[in-house]
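Visitor: I would like to learn how to read a structural model, going from the whole chain down to single residues.

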Amino acid sequence: MVLTKPLVKQVIIMYNYVVTAHKPSTVVSSVRASFSAPDETNLILNKTTRLEFYTLVPNGLKLFMDLPVYARISAMEVYRPRGRTTDLLFVATARYQYFVLSYDVENQKLISEATGNFKYRVGRPAELGVLSVMDPSCRMIGLYAYQGLLTVMPMVTNSGKQKQQLNKSSQQIRRESRNNQPVGTIQKPFNLRLKELLIRSMVLLHNTELPTIAILYEDSKNQCHIKTYRINLKEKECIDNPWKLTNIDDTSNLLVSVPKGGFLIVQSKTIIYYDGNFRPRQIDLEFPTAARGIAAVDDDGSRYLIGDVFGQLILIVLPDTGDLYTHFLGKISVPSSLLYLDHSYVFVGSHFGDSQLIRLRQDKNEQGFLLDILEKFINLSPIQDFCVVNLERQGQGQVITCSGGSRDGSLRIIRNGVGITVQATLDMSGINGIWSLRPHFDADYDDMLVISFIGETRILKLSQGEELEEVDQYCGFDMSRPTISTANIIGNLLAQVTETSVRLIDLNNQRVTSEWNTPDSSKITVADINPTQVVVALGGGNLVYFEIRGLDLVEIKSTKLEYEISCVNISPLDINKPINSTVVAVGLWTIIGVQILRLPTLEVIANQPLEGTAITRSVLLTTFEYNHYLIAALGDGQLFHFIFTPETGRLSEKKQLSLGTQPIMLTSFTSNGMNHVFAASDRPTVIYSSNKKLLYSNVNTKDVTYMCPFRPTPMATSLVITHEEGLTIGSIDEIQKLHIRTIPLNEMPRRIFHQEYSSTIGILTTRPVPDPETGIQEHLSFFKILDDQSFEFYDWYQMLPHEWVHCLTSVKFEQGRELAPEYYIVGTSFVFPNEPESERGRILVFHVDKEADHAPKLRLVHQKEVRGAVFTCAPFNGKLLAGINSKVIVLEWNPKEGEEQLTEVCHYRELTMALHVVSRGHFVIVGDLMRSVTLLAYKESEKGEKMLELIAKDYNQNWLLAIEALDDEEFIASDADHNLFTLRKNSDSTDEEERKKLEEVGAFHLGDQINRIRHGSLAMNNPDIEPIASKTLLFCTVSGAIGVIATISEERFNFLQKLESCIDKTIGPIGGLTHSEWRVFQNEYRSRDVRDFIDGDLIESFLDLPRKDMAEIANTLGKKVDDLLKIVEEYTRIH
């Protein structure tokens, strides 16, 4: 008898790398401060899990720090205790922690002044989250985090012993012992009981003997009232103030403390000012509205800016006597935060649209507004849904998001890299070089393109009709030979280098003024020109250096290098004197490397070998953000860059990456006043700098051989790129890692789907329609289709009154027929006042009809009324899945008396609310509102009975928001507590009960609310490079973030886990908050350590560390710094 081991199914664990491709862009709140220096005006933004610090400069806002925070930021306050020259920043988090930051001006770094928590274990969280107030006299901070509980944080004031310290410096004060704490120190918090439970707004009033708080609250009968309390910090008690207001307008939503005394009450129709003696004055607004942001213009609060839900900006004036009055200033984004900065600059932070920097003006502009929008800050929030498409068929996914809301709703088309919009193309094969020239040296535009071929040079000149026309000759230019380099020279000259000569041409007299010919029939192989210098390389490693002196080309020095020269560059690095260079960079043939030579002596001052097997094909000296760089590119697509110190020739901080597989040619160009480098190759890339860090953006084209900038007018910058077939002239998008294009909708997009069959994009939208009398908003819902290339609107269908749209998909019911039609499916519900749950909905089936010479039209083919809300739908093997209230149904498309209709064939009921369905083969994955994930299987019996059978479910209580299948065995989900987790089928278990459970295998706290997870990628698909992830998914969030979930191997995961730990130890806590605690999976019922997930944002922060810290981490891991940099930069390419 032969005994055999039972077959055990190998369990493959999914390890996931989670990284943010686009950071949160919503502005939750903002504060003005003098944080970075006493004489600077700073803007500090709360972007959910990040703090951004800006400085107001003459031409706008300049970002000087972007700080990730290991928490969700709930509130911010700014204060300046006596003895300090700059402001402090207080931050409270959603997990009831707080910290105080200051800025060390001398060392230019943040200092964590204080940390702590205000958690109350048995409290019930406040419905509106954490509300904060700062006492104008810096005596306390108040937090309303739990219902009926005011947390008071007393601060050390200038009383008693501290008064004796006023003449001491701020450093002396901060050095006082714990028993004699410096002014402004936050002391131990204590709690005060309040009778008011649902607080809408609260403020601490100015000019009061004791801290006095005014509270706007709602009672159990939905009536609004205002109550005031005095807070005795010494006795830790709350004293009733006799003044109060009862039964005020229930549209009251905001209190504002006025510096000259009293407060404002903001209502939908009225703004009321109660002065310091609680005497009211009011003004009625022209139209009912809802304020979304308010900002004081003057220090005494005489004028306020109010931004409302319709994007109107209103100025309200509070005179010392007489009536209040208002001015309409103009239209802005719907604000979530409004801040007057200084000198008429106003910041509009938005959750539903782009944030803006505006400037108020005294006279009306062309639009009739008293404001100008100076700058927009792209904001994608809230992203309700998205789809991934490959519209350009170049192997690179693009994401189209449903972004924004109200009048600021839009579609955003997002792709990785830079787009070039084609303006003109020209067929001419065999190009081996191209340059643009100006009509004279001081001109601010170009009028000529010089194109080099194997046996000749051709010139295209811009005519008066703004067309490029070929000319037979030009000013003594040698057209009979290929041009190696050409450029405008100071003194209105032109230099041309061919393989046999260097010519200097006078543009005024249109003649050659000086010429140098190669000796002994040798040939020039490479050359470079700047406004006053020329350098050429001849065979045998000979290098010749020239200077332009007047109308003469003067040979200054020549030398013979040990190896053949493959490329040269003499770009000026001195931004104050950008006409000459003190060094020349030389690439070498035989040994792979670069040399730096001093000018004019041609003395070698640096010798830098490069790791690789291909020769150095291009070298460039350039400057980004006042840092000088040497960039070198090899013939196999490898790129190296170094920090370069011209005075000493020192090359440091080497970094290496791969930009493709073909030779790279480097060219500098300027866009929007910033320097950039174009790397022409099979995968062309733009290199630029942000916050002193070099970034790389793919260009939306392939196989570029050469590039030159071309400015046909002073205000327009174009790029001319060459390829095998010819050249293309195009305008370039704004340089950034992600390119974002906006399609305004002026209403809120809720769902989106791309139907390739009809080449259309379908969207569901809602539009608020306010009642002119009451201001109450009704909503209209629509289904619209757009062209998937031009995004032109084709047709739309309006839903019935009170009908809301929930889901959208596309289904091909006839699976066997290749040309069978596809149908858009829309799921809706009817929502009526005082109806707790929707009792009726519709499933609508649309076909896009196309006729020649006519725009596509929507045709409603079928509508099916159902009992409940159709929250979700998805195609399912030629059928339709739908989640309707607490059940999932399967529907078939059947003909009936010549008309097709949907017929229910089976259903599954044991759910709370089916919000999401995903199909994979015959499996159905259901995301339930409260009951987490349920796995079903569709089966047909021998008798023809059809059913949805329960296979397994997650028995943990998770409030689900999004789900997706990683594969047949493992699924990923997100919940309302901002967690990500993975579940796996227990298919290999021998226990039947265990097989019915979905095992939770991975857990991770993201800190942001995910609305949708889909398969797809933003990265360019490159078949020549082995991918580091076996699969990638994208997700979108309420805060406007787009993220990537990449499944990686166990080997990669184990290494990254060690690297993650090393980086965490190096960076340390931020504001006392630790990374390990931040990423712990946590909800109302349980918490769990991170498992099977890697924090990609932390991993990629390695690239921002000082070189010394990089070296320590690399040494701990047994790696070289350059090797570790290469590994991390690999991961940045997945997004």
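The dialogue that follows takes the whole chain and then a few selected residues.

Guide: Please keep in mind throughout that this is a predicted model.

Visitor: Where should one begin, and how many helices and strands does the protein chain have?

Guide: A count of secondary structure elements is a plain starting point, and here the protein chain has seven helices and 87 strands. The radius of gyration is 33 Å, close to the 32 Å that the globule rule gives for 1135 residues, so the chain is as compact as a globular protein of that length. Taken along the principal axes, the C-alpha atoms fill a box of roughly 100 × 95 × 75 Å.

Visitor: What share of the residues in the protein chain is buried, and how much accessible surface does the chain have?

Guide: Buried residues account for 56% of the 1135 residues, while the accessible surface comes to about 49,800 Å², with 46% of it belonging to carbon and sulfur atoms. Contacts can be read by separation in sequence as well: among those between residues at least 6 apart, 51% join residues at least 24 apart. As for charge, the chain carries 115 positive and 141 negative charges, whose mean positions are 6 Å apart.

Visitor: Turning to a single residue, is T616 buried or exposed, and which residues does T616 touch?

Guide: Relative accessibility is judged against a cut-off, and because buried means under 20%, T616 with its 0% counts as buried. T616 is found in strand 50, which covers residues 616-624. Leaving aside residues up to four places away in sequence, its contacts include S566, C567, G587, L588, A632 and L634. G593 is also one of the residues touched by T616, and the backbone oxygen of G593 lies 3.3 Å from a polar atom of the T616 side chain.

Visitor: How should I read D249, and where is the place of D249 in the chain?

Guide: D249 is in the loop between strand 17 (237-248) and strand 18 (254-257), and at 31% relative accessibility D249 counts as partly exposed. The side chain of D249 makes a polar contact with the side chain of T251, at 2.8 Å. When residues up to four places away in sequence are not counted, D249 touches C224 and Q267. A separation in sequence can also be set beside a separation in space: D249 and I451 are 202 residues apart in sequence and 74 Å apart in space, C-alpha to C-alpha.

Visitor: What should one look for in the backbone geometry?

Guide: Most residues other than glycine have a negative phi, and most peptide bonds are trans, so departures from either pattern deserve a look. A cis peptide bond joins S381 and P382, with omega about -15 degrees, and P382 is found in the loop between strand 29 (371-377) and strand 30 (385-389). Another cis peptide bond joins L599 and P600, with omega about 10 degrees, and P600 is found in the loop between strand 48 (593-598) and strand 49 (603-609).

Visitor: Where do S344 and D1092 lie, and what is phi of each?

Guide: S344 lies in the loop between strand 26 (335-342) and strand 27 (345-350), has a positive phi near 75 degrees, and is partly exposed with a relative accessible area of 25%. D1092, in the loop between strand 86 (1087-1088) and strand 87 (1093-1095), has a positive phi of about 65 degrees although D1092 is not a glycine, and at 10% relative accessibility D1092 counts as buried.

How values were computed:
Residues are numbered from 1 along each chain as its sequence is written. This is a predicted model: local features need pLDDT of at least 70, side-chain atom pairs count only at pLDDT 80 or more; totals for chains, interfaces and linings use all residues. Side-chain values use heavy atoms; hydrogens and water are left out. Helices (H or I, at least four residues) and strands (E, at least two) are DSSP runs, numbered from the N terminus. Buried means under 20% relative accessible area, exposed over 50%, partly exposed in between (1.4 Å probe, protein chains only). Contact means heavy atoms within 4.5 Å. A polar contact is a pair of N or O atoms within 3.5 Å; within protein, one must be able to donate a hydrogen and the other to accept it, and residues adjacent in sequence count only if both atoms are side-chain atoms. The radius of gyration is taken over C-alpha atoms; the globule rule is 2.2 Å times the number of residues to the power 0.38. Accessible areas come from the Shrake-Rupley method with a 1.4 Å probe; for residues, only the protein chains shown count as cover. Lys and Arg count as positive and Asp and Glu as negative; His and the chain ends are not counted. The place of a charge is taken as NZ of Lys, CZ of Arg, CG of Asp or CD of Glu.
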